[in-house]
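Please open the model in your viewer and keep the selection tool at hand. The tour proceeds by selecting one part after another.

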Amino acid sequence: MEVAESNEMTLETVRDSLIRQEDTIIFSLIERTKYPINVGAYDKTKTAVSECSDSLVEFMVKETEAAYAKCGRYENPEEHPFFPDGLPTSLVPAFNYPKILHPAAASINVNSTIWEVYFSQLLPLITVPGDDGNYATSAVSDLACLQALSRRIHYGKFVAEVKFKDAPKKYESAICSQDRDALMKLLTFETVEERVKKRVAKKAMLFGQEVSLDDNYDEKKLKIDPAIVSRLYEEWVMPLTKLVEVEYLLRRLD
Ligand SMILES: O=C(O)C(=O)C[C@]1(C(=O)O)C=C[C@@H](O)C=C1
């Protein structure tokens, strides 16, 4: 299957986009740290929404995504809903997005894994225990984090497309034999990953600093632990991006 030229996308430009997206992710995580974990927002026994028995956060995300869908957000190949079933159709004129990806890309959505990892592992690391009742505000903040992470992780489709276009021969035999491990090896650049981990830690330190015009403030007090941000990238963000890359490449010759 032929896919259109990658409209000037290169490995450098897709990596630049991933670097820019780090800022969005780190700022959204910093926002979420303002509130304690507020399990009430996720616990169906505490805040289940009466009509549908969803947790508050599920309800909010579904309702928000329905509005986004009507505005055409999910027509954009960079955007992926967390609850794709039964979304309304877009009510706005279609925009002609450049056809960069293989059509099979549309079937790849790892948001259910991102959701699970975010609430069970990531959130407890970046928040303090406790409950201040700010459930709706925390849930809005969660959605911002989830969307930023989802966009970054699914950007793996574009990274994989550029890698494939740059060196189709390198990937073809692993794709033909549907060899996930071989694909994973081929697309991994350990030195790049090391730089990503260091850079996100540095950004977390810079973005999370107190800024004051007074002399007596603690400039070492950080809003988020840079080591945790680095760990999130190492353990979840990069592995899930690579999972998306593998899933994409497996279908690239369909
Ligand atoms: O930059 C790449 O080549 C990517 O595929 C992205 C990424 C990442 O998630 O940051 C993933 C795999 C590589 O090993 C390095 C980095």
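The stops below concern a helix and its surroundings, a pair of helices, and the ligand. Please bear in mind throughout that this is a predicted model.

**First stop: helix H6**

Select residues 156–166, which form helix H6. Is this helix largely enclosed or not, and why? Eight of its eleven residues are buried, so H6 is largely enclosed by the rest of the structure. To see them, colour Gly156, Lys157, Phe158, Val159, Ala160, Glu161, Lys163 and Phe164, the buried residues of H6. Next, display what covers these buried residues, which includes helices H1 (11–32), H5 (135–154), H7 (168–176), H8 (180–187) and H10 (226–251).

**Second stop: helices H7 and H8**

Keep H7 and H8 on display; they pack at an angle of about 160°, and their axes are 8 Å apart. Because the angle is over 145 degrees, H7 counts as roughly antiparallel to H8. Their crossing is left-handed. Now show the side chains of Lys170, Tyr171 and Ala174 on H7, together with Ala182, Leu183 and Leu186 on H8, since these residues make the contact. By class, five of the contact residues are nonpolar, none is polar and one is charged.

**Third stop: the ligand**

Select the ligand and the 13 residues that surround it. The closest are Thr188, Phe189, Val192, Met238 and Thr241. Two or more residues of this shell come from each of H1, helix H9 (190–207) and H10. Which element gives the most to the shell? That element is H10, with four residues. Finally, colour the shell by class: seven residues are nonpolar, two are polar and four are charged.

Methods. Residues are numbered from 1 along each chain as its sequence is written. This is a predicted model: local features need pLDDT of at least 70, side-chain atom pairs count only at pLDDT 80 or more; totals for chains, interfaces and linings use all residues. A residue is buried if 20 or more other C-beta atoms lie within 10 Å of its own, exposed if 12 or fewer, and partly exposed in between; C-beta atoms are placed from the backbone. Two residues are in contact if their C-beta atoms, placed from the backbone, lie within 7 Å. A residue is near a molecule or strand if its C-beta atom, placed from the backbone, lies within 6 Å of it. Ala, Val, Leu, Ile, Met, Phe, Trp, Tyr, Cys and Pro count as nonpolar, Asp, Glu, Lys and Arg as charged, and the others, Gly among them, as polar. Axes are lines fitted to C-alpha atoms, for helices over the stretch in contact, and angles run from 0 to 180 degrees between N-to-C directions. Angles under 35 degrees count as roughly parallel, over 145 as roughly antiparallel, 65 to 115 as roughly perpendicular and the rest as oblique. A crossing is left-handed if the near helix is turned anticlockwise from the far one by less than a right angle, and right-handed if clockwise.
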